[in-house]
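Please look at the chain below as a whole before turning to its parts. The paragraphs that follow begin with the overall picture, then take up the strands, the surroundings of the ligand and a few unusual spots in the backbone.

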Amino acid sequence: MPELAYVNGVFGPIAEATVSIEDRGFQFGDGVYEVIVAYDGRLFLLELHMRRLRRSAAAIMLDYDFDEDPLEPIIAEGLRRCEFSDALVYVQLTRGVAPRSHEIPENITPTVVMTFKPLPVVPDELRQRGARMMTTLDTRWANCYVKAIILLPNVIAKNEALRRSYDDAIFVTETGEVRECTAYNLFIAKGGKLTIPPRTESILHGVTQGLLLECAAAIGLKVNEEAFDIATLCAADEVFMSGTTVDALGITSVDDQPIGDGRVGPITRRLYEEFVKRSRAR
Ligand SMILES: Cc1ncc(COP(=O)(O)O)c(C=O)c1O
């Protein structure tokens, strides 16, 4: 029997197994998984793996009904079908298929994927000599300048904001440094000057942000690139966000505190106008 796959109720060869390109696992890394071994046809520590899978799913609010649709019988069936006595079982649950949006739609059905393969054996040579290793900085995932598809933290922050009746969330560090929104960059204006967080590896270097910097220069606005904290953010005259899908969009409150007079300010409006003029002319 060749290596086996299972996708949403159907067993078949791995090469023929497919999921939609709009699956949120593919789009956002919006899913959880387990890897389980079987020795001599018997699943090892299955219960512990299933407990961790439930906990992982609950932590990302992935709504899979483990009691109504238990995975254990499917795993057992796959193991029986593949006939590998020592097997490696991969189990993945994703949020499901939906048009791409950070916002999680209601009534989305999780995708269930499994693979059943022969258990790889650690080579004897390696087992005998032991492994040679190197150290590396733990940057999981600090490289936000990379427009990578591991967007699960962004998805969770966006949906928590929506659940609490906000439009979006602003990421801040443990020390209160302000970074960016879940899919937009941030600008603040104070005393007629703009400030943006430093374009380090910690934020995405927005294409819209770049064009807005040109717009600011064109209308004679100075821009500082400097770290600022939540208090500075809230004390700004104006705050706005930038992104491909919103151009420059005013932010009028943060954590229920109004920014300035609580209305979209003149600098935001002026920059938006300039941006629209330039972007639609290109
Ligand atoms: C985290 C984050 N910041 C900022 C942006 C804005 O970038 P751009 O102006 O290139 O759309 C995005 C866009 O997806 C983003 O995901």
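In this predicted model, the chain contains eight helices and 15 strands. Its radius of gyration is 24 Å, well over the 19 Å that the globule rule gives for 282 residues, so the chain is more spread out than a compact globule. If a box is drawn along the principal axes, the C-alpha atoms fill roughly 75 × 50 × 35 Å. Of the 282 residues in the chain, 28% are buried. When contacts between residues at least 6 apart in sequence are considered, 65% of them join residues at least 24 apart.

We can now turn to the strands. Strands of a sheet pair through backbone hydrogen bonds, and this pairing may be either parallel or antiparallel. One open sheet in this chain has six strands in the order β2-β1-β6-β5-β3-β4, and their pairing is antiparallel. At its edges lie β2 (10-13) and β4 (42-43), each of which pairs on one side only. Within this sheet, strand β5, made of residues 87-94, is joined to strand β6, made of residues 111-118, by eight bridges in the antiparallel sense. To follow this pairing in the structure, the reader may start at Ala 87, which stands opposite Pro 118 in β6.

Further along the chain, strand β9 (residues 185-190) and strand β10 (residues 193-196) run antiparallel and are joined by three bridges. These two strands form a hairpin with two residues between them, and in the turn Gly 191 has a positive phi of about 55°. Across the hairpin, Ile 188 has Thr 195 in β10 as its bridge partner. Strand β10 also has three bridges to strand β11 (residues 223-225), but here the two strands run parallel. Thr 195 takes part in this picture again, since it stands opposite Asn 224 in β11. Together, β10, α6 and β11 make a right-handed β-α-β unit.

Which residues are found around the ligand? They are Glu 180, Ala 183, Tyr 184, Asn 185, Leu 204, Gly 206, Val 207, Thr 208, Gln 209, Ser 242, Gly 243 and Thr 244. Two elements, α6 (207-218) and β12 (238-243), each give two or more residues to this shell. The largest share, three residues, comes from α6, the helix that also belongs to the β-α-β unit described above. By kind, the shell divides into four nonpolar, seven polar and one charged residue.

Finally, a few places in the backbone deserve a careful look. The peptide bond that joins Arg 140 and Trp 141 is cis, with an omega of about -10°, and Trp 141 lies in the loop between α4 (124-129) and α5 (152-163). Asn 8 is not a glycine, and yet it has a positive phi of about 45°; this residue is found in the loop between β1 (4-7) and β2. With 13 other C-beta atoms within 10 Å, Asn 8 counts as partly exposed, because that class lies between the exposed residues, with 12 or fewer, and the buried ones, with 20 or more. Asp 247, another residue other than glycine, has a positive phi near 55°, and its place is in strand β13 (residues 247-251). Asp 247 has 17 other C-beta atoms within 10 Å, so this residue too is partly exposed.

Technical notes
Residues numbered from 1 in each chain as written. Predicted model: local features only at pLDDT ≥ 70, side-chain atom pairs only at ≥ 80, totals over all residues. Near = placed C-beta within 6 Å. Helix = DSSP H or I, 4+ residues; strand = E, 2+ residues; numbered from the N terminus. Nonpolar A, V, L, I, M, F, W, Y, C, P; charged D, E, K, R; others polar. Pairing = 2+ DSSP bridges. Right-handed = clockwise from strand over helix to strand, strands pointing away. Rg over C-alpha atoms; globule rule 2.2 N^0.38 Å. Contact = placed C-beta atoms within 7 Å.
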